[in-house]
Amino acid sequence: MPLDITLFGIQMPTLLPIFVISAVVQILLDRVMSDAGIYNHVWHPGLFRTAVFVCLFTIVCLLIYH
Amino acid sequence: MYKNSKLSKLLRFAITFLVVSLAIFLGLMLWDNYMNSAWTRDGRVRADVVMVAPDVGGLVSRVAVVDNQYVKKGELLYQIDEVRFHHALHEAQAIAQTRKAEYEMKKRQSARRNAADDEIVSAENREDALYNAQIAHARYEEAMTQVETEELNCERSSVRAPTDGWVSNLLLRKGDFVQAGEKRMAIITSGSFWVYGYFEEHKLSLIHIGDQAEMKMLGTKYTVKGHVESIARGIADRDNVTDGRLLANVNPIFTWVRLAQRIPVRIHIDKVPKGMALSAGMTCSVSIKESPAKRR
């Protein structure tokens, strides 16, 4: 995977689209997890959600920037 | 019941902490990879540019090339009106002929006087005649050198390509007047392309001469391969410009935030993919791969 992508002659880091995509994935995952009642088993749902998002984002990014 | 609620509380803490610490760990790893590895988006393709200037001045009578044309070394670029130089050459040749005749005359005079005995020609006359002949010879040689100079001027009125390459941004037109030494045409030397990667100073310790480099050209699928040729040993200090009275003009910087300077790293291009035409000034992302020999 390239480090940068170019859209309309503007070069930007691949991190940016990954960020957007992982945000969408996180929203879907959030729905599934709240339906499954996982948030009843965590201490601080807000912190947990943020951490899950960071994990999603960084794992994909690390595949590119290794 | 109490014990069960304590256990579930512990479980809740454990799950959250696990995920949060994983997130922190991955985040730090990404930060390290992103910020502290040797790559930059600020790479430029560069090339050697020869600024062609004529050796003699005059009116341009013919421009023999078009913009962006590929020229071979020695090919005619433009012609400076040579009538003036031909006239000067003829003048110099005429002077040389005169000097030659003078020399012949003085030489014979000297020989004649040398042959006559002391009663007819005095020793002083004889000596003078000899020196006159020598002076005439020197003046003849001077005139011959002038002829050679004028021939050179005639030859140099045709401005020729000093190297193989491409004529770039051709602005010279027929009828323009060019001064001797005035640069009026740029030629981009073929095969002289290299890449300058402007790396932040804290990344320089990760870069070694000979390391493999990959250049991703902006907006293309092409990847150009190369290796680190050298690292610049100096850039201008932007915070200290000498003023009109030769005093240091130190910029009062904002002490909290300092920007890393960019140091040029010169990268030799080893392989250009097929179908890719390099132009000086192109932007590329440069990433340096540490060579296996140096990896510990």
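Is L246(B), with 6 C-beta neighbours inside 10 Å, buried or exposed? With that count L246(B) comes out as exposed, on a scale where a residue is buried if 20 or more other C-beta atoms lie within 10 Å of its own, exposed if 12 or fewer, and partly exposed in between, with C-beta atoms placed from the backbone.

A word on the ground rules. This is a predicted model, in which local features need pLDDT of at least 70, side-chain atom pairs count only at pLDDT 80 or more, and totals for chains, interfaces and linings use all residues. Residues are numbered from 1 along each chain as its sequence is written, while chains are lettered from A and ligands numbered from 1 in the order in which they are written.

**Two loop residues with positive phi**

Most residues other than glycine have a negative phi. L246(B) goes the other way, with phi near 65°, and it lies in the loop between β13 (240-242) and β14 (248-250) of chain B. Strands here are DSSP runs of E of at least two residues, helices are runs of H or I of at least four, and both are numbered from the N terminus. N68(B) isn't a glycine either, yet has a positive phi of about 65°. You'll find N68(B) in the loop between β3 and β4 of chain B, and with 11 C-beta neighbours inside 10 Å it counts as exposed.

**Where the chains touch**

On to the interface: 22 residues of chain A are in contact with 22 residues of chain B, contact being C-beta atoms, placed from the backbone, within 7 Å. On the chain A side, β1 (4-7) and α2 (45-64) are the elements that give two or more residues. The top contributor is α2(A), with ten residues. Sorted by class, that side of chain A has 14 nonpolar, seven polar and one charged residues. For the classes, Ala, Val, Leu, Ile, Met, Phe, Trp, Tyr, Cys and Pro count as nonpolar, Asp, Glu, Lys and Arg as charged, and the others, Gly among them, as polar.

**The helix pair in chain A**

Helix α2(A) also packs against α1 (residues 15-36) of chain A: their axes come within 9 Å and cross at roughly 140°. Axes are lines fitted to C-alpha atoms, for helices over the stretch in contact, and angles run from 0 to 180 degrees between N-to-C directions. The two helices are therefore oblique to each other, given that angles under 35 degrees count as roughly parallel, over 145 as roughly antiparallel, 65 to 115 as roughly perpendicular and the rest as oblique. The crossing of α1(A) and α2(A) is right-handed, the label for a near helix turned clockwise from the far one by less than a right angle. Residues making the contact include L15(A), F19(A) and L29(A) from α1(A), and F53(A), L56(A) and F57(A) from α2(A). The contact residues split into eleven nonpolar, two polar and two charged.

**Strands of chain B**

Chain B has an open, antiparallel sheet of four strands in the order β6-β5-β3-β8; two strands pair if DSSP finds at least two bridges between them. Its edge strands are β6 (158-160) and β8 (177-178), each pairing on one side only. Another open sheet of four strands, also with antiparallel pairing, runs β2-β9-β7-β4. At its edges stand β2 (49-52) and β4 (70-71), each with a single partner strand, so one side of each is left without a neighbour in the sheet.

Here are some antiparallel pairs, each with one bridge partner couple.

| Strand pair | Bridges | Partner residues |
|---|---|---|
| β3(B) and β5(B) | three | V63(B) and Y78(B) |
| β1(B) and β10(B) | four | V45(B) and V195(B) |
| β10(B) and β15(B) | seven | F199(B) and I263(B) |
| β4(B) and β7(B) | two | V71(B) and G165(B) |
| β11(B) and β12(B) | five | A213(B) and G226(B) |
| β11(B) and β16(B) | six | K216(B) and S285(B) |

Take β10 (residues 194-200) of chain B: V195(B), G197(B) and F199(B) make up its covered face, and W194(B), Y196(B), Y198(B) and E200(B) the uncovered one. In a regular strand the side chains alternate between the two faces of the sheet.

The hairpin of β11(B) and β12(B) has five residues between the strands, and G219(B) takes a positive phi near 75° there.

Notes:
Contact = placed C-beta atoms within 7 Å.
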